[in-house]
Amino acid sequence: MATTVAVPEMTDKSPRRSSLLEWVTTVDHKRIGIMYLLAALFFLVCAGTEAALMRIQLWKARFDFLEPDTFNQLFTMHGTTMVFFVGMPILVGFGNFLVPLMIGARDMAFPRMNAFGLWMFILGGLLTYYSFLQGGAPDVGWFAYAPLTSATFSRGMSTDYWILGLMTSGLGTLSGGINFIATILTMRAPGMTFGRMPLFIWMMLVDAVLIVIAFPPLTAAQTMLLLDRQLGAHFFDPQQGGSAVLWQHLFWFFGHPEVYILILPAFGMISEIIPVFARKVIFGYESVAAATVLIAFIACGVWAHHMFALGLSRTIDIFFSGSTFLIAIPTGIKMFNWIATLYGGKIRFQTPMIFCLGFLAMFLIGGLSGVMLAAVPFDWQASDTYFVVAHFHYVLFGGTLFGIFGGFYYWFPKMSGRLMNETLGKWNFWLLMIGFNLTFFPMHISGLMGMPRRIYTYDPELGVDIWNQLSTIGVLVQAAAFIVFAVNLIGSLRSGERSGDDPWDAWTLEWLTTSPPPAYNFEVIPAVRSRRPLWDLKHPEDPDWEHE
Amino acid sequence: MSTPHHASDTPLDGHVPAPDDGHSIETVELPGPTAWPLVLSVGLIMVAFGILTNISFSFLGIIMALVGIVGWVTEILPGRGHIHEELRPEELRPKPVKRADVDVIPMAPGMPGHRMHMPEKVHPYSAGAKAGLVGGVAMAVLAAIYGVVSGRGIWYPVNLLAGMVLEEADTDPVAQLEQFHLLALILGLFIHAVGSLFVGLIYGIVLPMIPRGRVLFGGLVAPLFWSGCLWASMDVLDPVLAQRVDWVWFIASQFAYGIVVGIIVVRTEKIHTTRGWRA
């Protein structure tokens, strides 16, 4: 095993500083990726603030810190923001930065469309938030169930802001999905067959396919809803022959694949990070890739498990319960592969790795509570309680966000040319780990005790005050974690240790070029012969291509 | 889109080779910066904003969007919209990847960490599937015997099993559960067959990993383990069965399944794994 790494000597000479105009007009995938990340971090602050305000309101029973209407707006905007303006853009941002570098390309297949997607996302997000200045933000939940969204129950324009903000940003997301598919299918370096693609690329490809499948139904449903509200159509009005259930089907046909759209890139990140920090090749590359495809396939057939409490037929309940159980199998395969990769490895417990280990633990808890909710009788009991809130936060926060943090610490040197501070990174991890569990684990208990979600307060006789107070304290700890991250990010950008081209002794193509890479990525398009092209160069005595 | 690279099969070492086609490779053609995607985006957002506020914004947005599209299309005409990015100075280019200081020592049998404990021969997965189905039959026979011995009839156990998905089983009186129901039979058989098959497959994979006492593990330890799990979760999985199951007979049938599957899997002839083929 290599003990030293070839790190080029750094000089103080660096490319000239870029002007704002260059960033605004850029079509460079790396800059676009970084702008996605920065915009998503801005929206993360917004969504985090909304969550903190909700948690203060829930500090004790019958607390009147917030008005009920304000609480409704906050949970709607928190959910909407985290899904559409934080989770996806961060992942798309990483994808933008990394996909061309990892496949040995100079840019995305459609660079201008890439810029278009970025601006649609940013402007769509701002349009949605502009509703705050227009008399009130949307208050119908991120799921916007009919008939609450009808003009009768949702007066004013807030729901229309929700519709149009998401439709326009969704257009950007869709263009990004098409771009990823075209790029990965057509622009891989010579020799990079499907069987040699990095697993992050596999995940992004499957993710992009899911985006293309899942977003059009949402856009169609939103168009119908807009017609209902603006032009008096009756698609979702049961009084006029429409169907409120139709909205739920269309929304969740998007909504559940969306969960996998949010988690698959994080799977890809940890599939890249764990092998590097365990100093082992990923265990069962083929099965990880195959499980990803299987997850995407099954993910399109589980949407009605969000609707068990609706009273659908037994046959439908059985089918969707079964398919939901089934998706645990490919997911379990991945967990097995990551753990098997760790087994016997020479593990380096640096910040990217500990976030990946946190991911494994937290996602496991979220996955297991998901299996519990797949059982229809259990779902009937726990539906619309804080148990469900705990479940999806363990999946999307404990899973996706921990993976994203791991990705930040791992690829930040490639983006900036500097390492993030390890000490602050570990503080970041432990504060987040403690704060996250303090916030969300008690929600399992308060949920099972009957605390309903999306309600601005609760009955003191329910006996859930203590669990809510723990959750609120947890949010404060999380806030400290995010502050540490921000300090680390800004401090490292200014004066972090120079990273060199390949600070982790890694194996994929992005580490072949400089940190940060030039506009053209590679002077010469590399040719690859195995899944770990840099390993082959570092270890000509035992290259991977002899074994694959 | 960037132009095709000059050297497609160059060594992967970050080193720029001498040009072989007579052209300079000191610049790389890339798409140039452009504001048209931003103009189009702003136009589309203004269309949406106009719907929400004042329709005149929408008209303005349509004009902006059209201007953006025209500008965009103009840029992708041949010979336009690209720049020639100069390669960085030599000192700022990536250094060639160096060979690691320490060579990899290939693992060999007998070395610590060598995975000799991984089986080079395993029972075929099909053995697990077959054994699972045979074990399922053994379990069903025992359940039928229980039905007869308890006086509730042979349909009672399968009706209880179907209660996992049949809602009316919750409220049916016992007498009703003793009768033949086609739907319950189909569902019960399906659940039983799928469960038996999956557990059998797991046996087929896991048993070869057990160094000794495979039948004991398969016949006693594993059934005891999953019986405990089922006991703990039965209220959720199948409330009807949880209320009415005879746990002694239930656990006995699990043992019967485990022993049958264990014996069949262990007695099946082993085949080489891919590891064995490579060797």
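Biologist: Which residues of chain B does the UniProt annotation "transmembrane region" cover?

Modeller: The record, an unreviewed entry, gives residues 40-73, 131-149, 180-203, 215-234 and 246-266 of chain B. Keep in mind that the model is predicted.

Biologist: Take residues 40-73. How far apart are the end C-alpha atoms, and what is the helix content?

Modeller: The end C-alpha atoms of residues 40-73 in chain B are 12 Å apart. Helix makes up 94% of that stretch and strand 0%.

Biologist: And what about residues 180-203?

Modeller: There the ends are 33 Å apart, C-alpha to C-alpha, with 92% helix and 0% strand.

Biologist: Back to the surface. Which residues form the nonpolar patch?

Modeller: Ile51(B), Ile55(B), Phe59(B), Ile62(B), Leu66(B), Ile69(B), Val73(B), Ile76(B) and Leu77(B). Together they have about 810 Å² of accessible area.

Biologist: Which helix gives the largest share?

Modeller: Helix α2 of chain B, residues 55-75, with six residues of the patch. Ile51(B), by contrast, sits in helix α1, residues 36-52.

Biologist: Why does Ile51(B) count as partly exposed?

Modeller: Because its relative accessibility is 34%, and partly exposed lies between the 20% and 50% limits.

Biologist: Now the whole chain. How many helices and strands?

Modeller: Chain B has ten helices and four strands. From the N terminus the order is β-α-α-β-β-α-α-α-α-α-α-α-β-α.

Biologist: What share of chain B is buried?

Modeller: 36% of its 279 residues. The chain exposes about 15,900 Å², 69% of it from carbon and sulfur atoms.

Biologist: And what share of contacts joins residues 24 or more positions apart?

Modeller: 71%, taken over the contacts in chain B with a separation of 6 or more.

Terms used. Residues are numbered from 1 along each chain as its sequence is written. Chains are lettered from A and ligands numbered from 1 in the order in which they are written. This is a predicted model: local features need pLDDT of at least 70, side-chain atom pairs count only at pLDDT 80 or more; totals for chains, interfaces and linings use all residues. Side-chain values use heavy atoms; hydrogens and water are left out. UniProt positions are given in the numbering used here, feature names are shortened, and annotations may be inferred rather than shown by experiment. Helices (H or I, at least four residues) and strands (E, at least two) are DSSP runs, numbered from the N terminus. Patches are made of residues with over 30% relative accessible area and no salt bridge: like charges are joined within 9 Å, nonpolar side chains (Val, Leu, Ile, Met, Phe, Trp, Tyr) within 5 Å. Accessible areas come from the Shrake-Rupley method with a 1.4 Å probe; for residues, only the protein chains shown count as cover. A salt bridge is a side-chain nitrogen of Lys or Arg within 4 Å of a carboxyl oxygen of Asp or Glu. Buried means under 20% relative accessible area, exposed over 50%, partly exposed in between (1.4 Å probe, protein chains only). Contact means heavy atoms within 4.5 Å.
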